[in-house]
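Reader: I'm new to this one, so could you walk me through it slowly?
Author: Gladly; have a look at it, and then ask whatever comes to mind.

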Amino acid sequence: MNKTDRLLAIVLELQRKEVIRAENLAALFETSVRTIYRDIQALSEAGVPIIGAAGRGYSLMEGYFLPPIGFTVPEAVSLLIGTDFIEQQFDDDYRARAQAARGKIEAILPKNILKETSRVRKAMRLLISDKQVRESKEKKYLEKIRGAILNVQKISIRYAKKLEDSEGNRHSVRTVAPYGLVLIQGSWMLVARCDLRQEIRHFRLSRMTELISLEERFEPPTHFNLSEYTPPDNRHLLVHLQFNHDIADKVKESNYHYIESMEEHEDGLHVILRVHQLAELLQWVLGWGASVVVLEPESLQNRIREEAKKMLERY
């Protein structure tokens, strides 16, 4: 980054944050603190009203705002594709906001930039699979959950669990304090503290069959930051599979989230997976038919054998 770009970036960073230290600016722009001092001096001499407080950092004088900045073609394309993504993946409220934002961005672009941006965007297309399923099962609750998060209100959900419990039941009703929403591989996930379990749990919106906003409010934990949150990994069971060479590419392209490693061998593609329960893998393994062999554990071999016998009895 050259000096001119860095000076502009520093102003934008000061405009975005109330106070920022020279050390943080130096780390952000990968330069020395001494260079940041010189940059701040240059900006001050150019008329940018920067206030420096010893031991605290720098800030912009209240009321100062940098005029609108022009976008390059890649920047404009990135923003417009972002609005496309929001329009497809979010609820109706954000879809409308994304459309409005796209109109504003296109309105301020110079004609030459807009023309080039349009040409580049025509060469790209954002496709979302299973769109109708997501709209019916996820977007139905997305707006309600966003509102509950902003209003710090608890919600009650009727939820279909992935696996049956010890009593053979897959449905449960939970009261939760919603902390945030995460989009994982095209599916929305609610991160929330469950009143029943008294800990943070994850709930797929596609498995919700009912959602009610409650009057009860909750106190968001000061220590919780969704962008820094890492869920505990309780997948302790290792599974070793061997796939035929002719479907190796399909297995690699599946991007199955339980896969730990893959390695080509003479007898096929060896895949190591790590799961919480073997039942989580059963349907996925069966879906590959005779093209996969379970090398270990023996318990999964037995489950596959039992399912194969049941299938044979049906035919």
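Reader: At what angle do helix α10 and helix α11 pack?
Author: This is a predicted model, and in it helix α10, residues 279–286, packs against helix α11, residues 298–314, at an angle of about 55 degrees, with the two axes 11 Å apart. Because angles that are neither under 35, over 145 nor between 65 and 115 degrees count as oblique, α10 and α11 are oblique to each other.

Reader: And which residues make the contact?
Author: From α10 the contact takes L282, V285 and L286, while α11 contributes R303, I304 and E307. By type, these residues divide into four nonpolar and two charged, with no polar ones.

Reader: Is R303 buried, exposed or partly exposed?
Author: R303, which lies in helix α11, has a relative accessible area of 31%, and therefore counts as partly exposed, since that class lies between 20% and 50%.

Reader: Changing topic, which residues touch the most other members of the largest nonpolar core?
Author: That core has 23 residues, and those touching the most other members are V239, L241, F243, L273, L281, W284 and V285. Elements giving two or more residues to this core are β8, α9, β10, α10, β11 and α11.

Reader: What is F243 in contact with, leaving aside its neighbours within four places in sequence?
Author: F243 is then in contact with several residues, including V251, L269, V271, W284, W288 and V292.

Reader: And what does the second core include?
Author: The second core, which is separate and has 18 residues, includes I157, Y159, L190 and F203.

Definitions and conventions. Residues numbered from 1 in each chain as written. Predicted model: local features only at pLDDT ≥ 70, side-chain atom pairs only at ≥ 80, totals over all residues. Heavy atoms only, no water. Axes fitted to C-alpha atoms, helices over the stretch in contact; angles between N-to-C directions. Helix = DSSP H or I, 4+ residues; strand = E, 2+ residues; numbered from the N terminus. Contact = heavy atoms within 4.5 Å. Nonpolar A, V, L, I, M, F, W, Y, C, P; charged D, E, K, R; others polar. Core = buried A, V, L, I, M, F, W, Y, C linked by side-chain atoms within 4.5 Å. Buried < 20%, exposed > 50% of the residue type's maximum accessible area, 1.4 Å probe, protein only.
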